[in-house]
Amino acid sequence: MKEKPGNIRSRRELFAAVGRYATLGLLTAGVAGIFAKRRRLIRQGKCVSSRTCVGCKILARCELPRAFSARDALIGVDDVRD
Ligand code: SF4
């Protein structure tokens, strides 16, 4: 008689399955936590990136002082070499 796929036949397979699903659950919770933190920071008007503003996806619409400075630096470049 053939066994159905997905049947757990031994304790080792049970532990492997539990470990696999626990890891998947932790990864999912971690990703959800990252997105929740980002949304909370945006709602609070705080910076969502620990890097520079230049590579930030929301630089064009960001209202934080650091973003104004970055936009000024990127757009308002004056060549002072006379
Ligand atoms: S544009 Fe700059 S200040 Fe605004 S969220 Fe991005 S990194 Fe932070």
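**A walk through a two-helix model**

Let's start with the overall layout: the protein chain has two helices and zero strands. Keep in mind that this is a predicted model. Its average pLDDT is 83, and 82% of the residues score at least 70. The weak spot is residues 78-82, where pLDDT stays under 50. The model also gives that stretch zero contacts beyond four places in sequence. Where pLDDT is low, the predicted coordinates should not be read in detail.

Now follow helix α1, which covers residues 11-44. How far apart should its ends be? With 34 residues at 1.5 Å a residue, α1 should span 50 Å, and its end C-alpha atoms turn out to be 48 Å apart, so the two values agree. This helix is hardly covered, with zero buried residues among its 34. That goes along with the chain as a whole, where 1% of the 82 residues count as buried.

Let's stop at R38, which sits in helix α1. Is R38 buried or exposed? R38 counts as exposed because it has 12 C-beta neighbours inside 10 Å, and a residue with 12 or fewer falls in that class. Just after α1 comes G45, with a positive phi of about 75 degrees. A little further on is V48: R38 and V48 are 10 residues apart in sequence, yet their C-alpha atoms are 5.9 Å apart in space.

V48 also takes us to the ligand, since it is one of the residues surrounding it. Others there include C47, C53, C56 and C62, along with R66. What classes of residue make up this shell? There are 10 nonpolar residues, one polar and one charged.

Note on methods: Residues numbered from 1 in each chain as written. Predicted model: local features only at pLDDT ≥ 70, side-chain atom pairs only at ≥ 80, totals over all residues. pLDDT = per-residue confidence, 0-100. Contact = placed C-beta atoms within 7 Å. Helix = DSSP H or I, 4+ residues; strand = E, 2+ residues; numbered from the N terminus. Buried ≥ 20, exposed ≤ 12 C-beta atoms within 10 Å, placed from the backbone. Near = placed C-beta within 6 Å. Nonpolar A, V, L, I, M, F, W, Y, C, P; charged D, E, K, R; others polar. Expected span 1.5 Å × (residues − 1).
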